[in-house]
Amino acid sequence: MKRIILIILFTLFPAAASASEAPVDIKLNGERLFHDTEIILSDGRVYAPVRFISRAFSCQVDWDGQNVLLEMPGLSAKIPVGKTTATVNGKAYSLTNAAWIADGRTYLPIRSIAELFGAEVSWDNTKKSVLLTHPGITVPEDCIDRSYSDDDLDWLSKIVHAEA
């Protein structure tokens, strides 16, 4: 009977079947970044809103109706939606994928955004985490996620289980 109910549930609500996939975490210099929107893992790339990543690098972000505009000391970038060429400090800059808009937010692969800021990018497949490293950046306090990670909860459950 349970099997039939599960089959019906997963047929009617296919999102429930994929809900077990772990969310993607993003860390900058070891600090997990807070995000209020979904980080998308698609075709081997991790996509995030440009504003979300840019804020972690203390970069000013604006929108002119067609382009994302990034400004910070040493960087001036214009990223058009739907095109794979941006303008960075007055020169053409090739993007791996074009920016696109979903739910009022402009998405790009995290690697494209982070490399604009001079960060090193790596992927931890076991933890589904993007690791960004930039020694000259201090992550703003309001960008740091202070909630417990899945790793923290896993360790806590092991401790509680061992103590019980």
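A salt bridge is a side-chain nitrogen of Lys or Arg within 4 Å of a carboxyl oxygen of Asp or Glu. A search of the whole structure, which is a predicted model, finds four such salt bridges. Three of them appear further down, once the strands and the core have been introduced.

**How confident is the model?**

The mean pLDDT of the protein is 83, and 85% of its residues reach 70 or more. Residues 1-20 are a part to treat with care: the pLDDT there is below 50, and beyond near neighbours in sequence this stretch has two contacts in the model. Where pLDDT is low, the predicted coordinates should not be read in detail.

**Two open sheets**

Let us begin with the sheet that runs in the order β3-β4-β11-β10. Its four strands form an open sheet with antiparallel pairing. At its edges lie β3 (40-42) and β10 (100-102), each of which pairs on one side only. On average, neighbouring strands of this sheet are turned by 35° against each other, direction ignored. Inside the sheet, β4 is joined to β11 (residues 105-109) by three bridges, and these two strands run antiparallel. If you would like a pair to look up, Pro49 has Tyr107 in β11 as its bridge partner.

Another open sheet of four strands has the order β2-β1-β13-β12, and here the pairing is mixed. Its edge strands, β2 (31-32) and β12 (120-124), each pair on one side only. Two bridges hold β1 and β2 together in the antiparallel sense. Leu28 stands opposite Glu31 in β2.

**The nonpolar core**

In soluble globular proteins, nonpolar side chains tend to be buried together. In this model, the largest nonpolar core has 37 residues, and those with the most contacts inside it are Ile26, Leu70, Ile79, Ile110 and Leu132. Several elements give two or more residues to this core, including β1 (25-28), β4 (45-49), α3 (50-56), α4 (110-116) and β13 (129-133).

Ile26 is a good place to start exploring. Leaving aside residues up to four places away in sequence, Ile26 touches Leu33, Ile39, Ala48, Phe52, Ile53, Ile110, Val130 and Leu132, among others. Glu31 and Arg32 are also among the residues that Ile26 touches.

**Three salt bridges across the chain**

Side chains of opposite charge can pair when their charged atoms come close. Here are three of these pairs, with the N to O distance for each.

| Acidic residue | Basic residue | N to O distance |
|---|---|---|
| Asp145 | Arg32 | 3.4 Å |
| Asp36 | Arg105 | 3.0 Å |
| Asp142 | Arg55 | 2.7 Å |

The pair of Asp145 and Arg32 links distant parts of the chain: Asp145 sits in the loop between β13 and α5 (150-163), Arg32 in strand β2, and they are 113 residues apart. Is Arg32 buried or exposed? Arg32 counts as buried, because its relative accessibility is 10% and the cut-off for buried is under 20%.

Arg105 lies in strand β11 and Asp36 in the loop between β2 and β3, so this pair ties together parts that are 69 residues apart in sequence. Arg105 is partly exposed, with a relative accessible area of 29%, while Asp36 is exposed at 56%.

Asp142 and Arg55 are 87 residues apart, with Asp142 in the loop between β13 and α5 and Arg55 in helix α3. Asp142 is exposed, its relative accessible area being 52%, and Arg55 is partly exposed at 35%.

Conventions:
Residues numbered from 1 in each chain as written. Predicted model: local features only at pLDDT ≥ 70, side-chain atom pairs only at ≥ 80, totals over all residues. Heavy atoms only, no water. Core = buried A, V, L, I, M, F, W, Y, C linked by side-chain atoms within 4.5 Å. Buried < 20%, exposed > 50% of the residue type's maximum accessible area, 1.4 Å probe, protein only. Contact = heavy atoms within 4.5 Å. Pairing = 2+ DSSP bridges. Axes fitted to C-alpha atoms, helices over the stretch in contact; angles between N-to-C directions. pLDDT = per-residue confidence, 0-100.
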